[in-house]
Amino acid sequence: MASKVLVIAEFRGGKFKKGALECVAAASRLAPALGGGDVTALVIGGADAKAAAASLGKQGATRVLAACADWLAEFNGDAYARVAADVVRAEQPALVLVAATLDGKDVAPRVAARLDVGYAPDVTKLAVEGGKLAIARPLYAGKAYANVTLAGAPAVVSVRPNTFALLEAPGADAPVADVALAFGAGDLKSKVVAVEAAKTDKVDLTEAEVIVSGGRGLKGPEHFVLLEALAAELGATVGASRAVVDAGWRPHHDQVGQTGKTVSPNLYFAVGISGAIQHLAGMATSKCIVAVNKDKDAPIFKVADYGIVGDLFDVVPRMTDEVKKLKK
Amino acid sequence: MRIVVCIKPVPDTAARIKVHKDGARIDPDGVKFTLGPYDSRCIARAVALKGAGEVVALAAGAAAGEAEAKKRIKDALALGCDKGIFVPDPAPENRDPLAVAKALASAIQGQGGADLIFCGRQATDDQALAVGPMLATLLDLPCVTDAVGIEVTGGSARVQRAAEGRVETLEVTLPAVITGQRDIGDEQYPKLKEILAAGKKPIAEHKVEWAAAKYAVAGLVPPPEKAPGKIVGEGPDAVPALLNLLQTEAKALAL
Ligand SMILES: Cc1cc2nc3c(=O)[nH]c(=O)nc-3n(C[C@H](O)[C@H](O)[C@H](O)COP(=O)(O)OP(=O)(O)OC[C@H]3O[C@@H](n4cnc5c(N)ncnc54)[C@H](O)[C@@H]3O)c2cc1C
Ligand SMILES: Nc1ncnc2c1ncn2[C@@H]1O[C@H](COP(=O)(O)O)[C@@H](O)[C@H]1O
């Protein structure tokens, strides 16, 4: 059996996604149990991605393959999957890991389909038990967990960001080798013609370690400044319930829940959010949940680790102040 | 244009999910099924785009059972699809998305292809976000995921994709597979007249040899039990105690 783990490491906005680094770290921990220490990272992108490629060694990649060209600088699922599948065919790893970001979840199923192998999406458990991969993932919006088995080699797995920790003692840079591309931009049936970047330097919700989400209890879009202020102190990203997205107070990409983003931060603040089952679906795997709600019977308190019953308009500014004080 | 919309009956998002006593699937007892929330928005978009063509609603197997799948095809017909295709499945529980994509590919090829194929971005039961991109790969078609807008001109389409932190505009040749995000179309509620008319629209069957599963659910378990949380206190005066707990007990706050 091939023993290598190959990580398709997502590079976007001038850096590797945290989820990608987590996958490399996870791979370096898993590789010995899979029968070999070799962890290969594959970087697809433009010149900036190539320049950063060697740094993946710090999270445990033993070597990095760079499939970099100007026409691969913008994400294109059709192109990325084709490049990745070609590399996987040549490398024959036992396991292919991708961070379950939007782009990761776009590429991974296509790679699995190209190779005709099993794909486990958005897993929250990945281990080697008795020489075999043990994989679990939430189904039904987290209302059940499935233990999953995959057939065919390699197994393709996308890993929910924030599932694995980075290495505590980062290593050194890894050697980088170029991948010869078997096709060019002209062979593609799709191309990116424009990209409009969101005007924010905030960490994406799916990768944020701290999230401050607001619901209808905020009473209007203008009051989200309260959450923005708290988030700024905490280095957090602001999320929202669907009720406020539907009301047009926040953009849809801020929505957390079954029909929004699935998030798994270390710390999740639900402020003025009742805790409807569809909202819980998107954030129940958060490691620590704090609820602020004036209704002591709000369902959010059933899943919260800590709660404050009170008026958010009093509680949130106080929280911002106290955090400021603690930081001093 | 001939447009296929792939649809999957899924438990209502508010449904209580219990694991069946066989430990491998959910207990369907008392679970209300609906058309996937993204699938129905794709239908709205497809109906708006079809022009002189037709919109076909395609469902393969589905764990909800055959009768349920056909009811949901009727829902799709009431939303404006012109006909339905159902792919029977002898073992529909926890289907492998790749096997589903193969069945859908076979059905689409069997009815003469399509100019455009829609899937929901995700089914709200298995949340794989996989069937659309897999289907495109099998049919060797371009695919745009998480689409929030599409305009068709001649043999190509311009599609807006809501990516992480950015919106991309892609140009794709047709046929193509598009997976629809929420904003791909409006939520619609069929009128009684449309529901009645749906009863007269045809539903065909397309039989396939189901491919061996590459992904299997070995067991389904309820989510891990969480210890009950604590109410730290009432009002703003509880804030210092909360922050203290977050730092010392939960170790969730590093400032
Ligand atoms: C198909 C479908 C999909 C859905 N998908 C999602 C999804 O992805 N994400 C999602 O979030 N929802 C989703 N929903 C909607 C969900 O059912 C709820 O309607 C929604 O989550 C409620 O949002 P909310 O908690 O902000 O509002 P509400 O339920 O109105 O709750 C507001 C809360 O604020 C509290 N409050 C009010 N004033 C104050 C104050 N001054 N201080 C403190 N607390 C206060 C109230 O006590 C209340 O608990 C979906 C629904 C359906 C049918
Ligand atoms: N059994 C099925 N029959 C028809 N369409 C399906 C089926 N399963 C998934 N789909 C389509 O693929 C989308 C994404 O599903 P999934 O990849 O399971 O999250 C759904 O919204 C449907 O459009």
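Let me begin with S213(A), which has a relative accessibility of 0% and therefore counts as buried, since that word is used for anything under 20% relative accessible area. Please keep in mind, as we go through this, that we are looking at a predicted model. Along the chain, S213(A) belongs to strand β14 of chain A, the strand that runs over residues 210-214. Its side chain also has a partner, because the side chains of S213(A) and Y268(A) are joined by a polar contact of 2.8 Å, and a pair of N or O atoms has to lie within 3.5 Å to be called that.

Now set beside this a residue from another part of chain A, namely G37(A), which sits in the loop between α1, residues 18-30, and β4, residues 39-45. Is G37(A) buried or exposed? The relative accessible area of G37(A) is 52%, so this residue is exposed, given that the cut-off for that word is over 50%. To get a sense of distance in this chain, you can go from G37(A) to R318(A), which are 281 residues apart along the chain, and find that 50 Å separates their C-alpha atoms.

Let us turn to the ligands, and take ligand 1, which lies between chains A and B. It is surrounded by 27 residues, and the closest of these are S241(A), T259(A), S274(A), Q278(A) and N293(A). What is the make-up of this shell by class? There are 15 polar residues in the shell around ligand 1, together with 6 nonpolar and 6 charged ones.

If you look at single atoms, an N or O atom in the side chain of K219(A) is 2.9 Å from a nitrogen atom of ligand 1. The backbone takes part as well, for a polar backbone atom of L312(A) is 2.9 Å from a nitrogen atom of the ligand, while a polar backbone atom of G272(A) is 3.1 Å from one of its oxygen atoms. Taken alone, ligand 1 exposes 990 Å², and the protein buries 80% of that area. As for secondary structure, the elements of chain A that give two or more residues to this shell are α6 (242-246), α7 (277-283) and α9 (312-327).

That brings us to chain B, whose secondary structure comes to 6 helices and 13 strands. Of its 255 residues, 54% count as buried, and its C-alpha atoms fill a box of roughly 65 × 45 × 40 Å, taken along the principal axes.

Where does ligand 2 sit? Ligand 2 is found in the largest cavity, and the elements of chain B that give two or more residues to the shell around it are β4 (54-60), α3 (97-110) and β6 (116-120). Of these, β4(B) gives the most, with 3 residues. In total 19 residues surround ligand 2, the closest being C6(B), D39(B), A60(B), A123(B) and D126(B). By class, this shell holds 13 nonpolar, 3 polar and 3 charged residues.

Two of those closest residues also appear when we look at oxygen atoms of ligand 2: a polar side-chain atom of D39(B) lies 2.4 Å from one, and an N or O atom in the side chain of D126(B) is 2.7 Å from one. From the backbone, an N or O atom of L129(B) lies 3.0 Å from an oxygen atom of the ligand. Ligand 2 has 480 Å² of accessible area on its own, and the protein covers 98% of it.

Notes. Residues numbered from 1 in each chain as written. Chains lettered and ligands numbered in written order. Predicted model: local features only at pLDDT ≥ 70, side-chain atom pairs only at ≥ 80, totals over all residues. Heavy atoms only, no water. Near = heavy atom within 4 Å. Polar contact = N/O pair within 3.5 Å; in protein donor to acceptor, adjacent residues only side chain to side chain. Areas by Shrake-Rupley, 256 points an atom, 1.4 Å probe, with all protein chains shown as cover. 1 Å grid on protein atoms, 1.4 Å probe; cavity = no way out; pocket = protein on both sides within 12 Å on 5 of 7 lines; lining within 4 Å. Sits in = over half its atoms within 2 Å of the grid points. Helix = DSSP H or I, 4+ residues; strand = E, 2+ residues; numbered from the N terminus. Nonpolar A, V, L, I, M, F, W, Y, C, P; charged D, E, K, R; others polar. Buried < 20%, exposed > 50% of the residue type's maximum accessible area, 1.4 Å probe, protein only.
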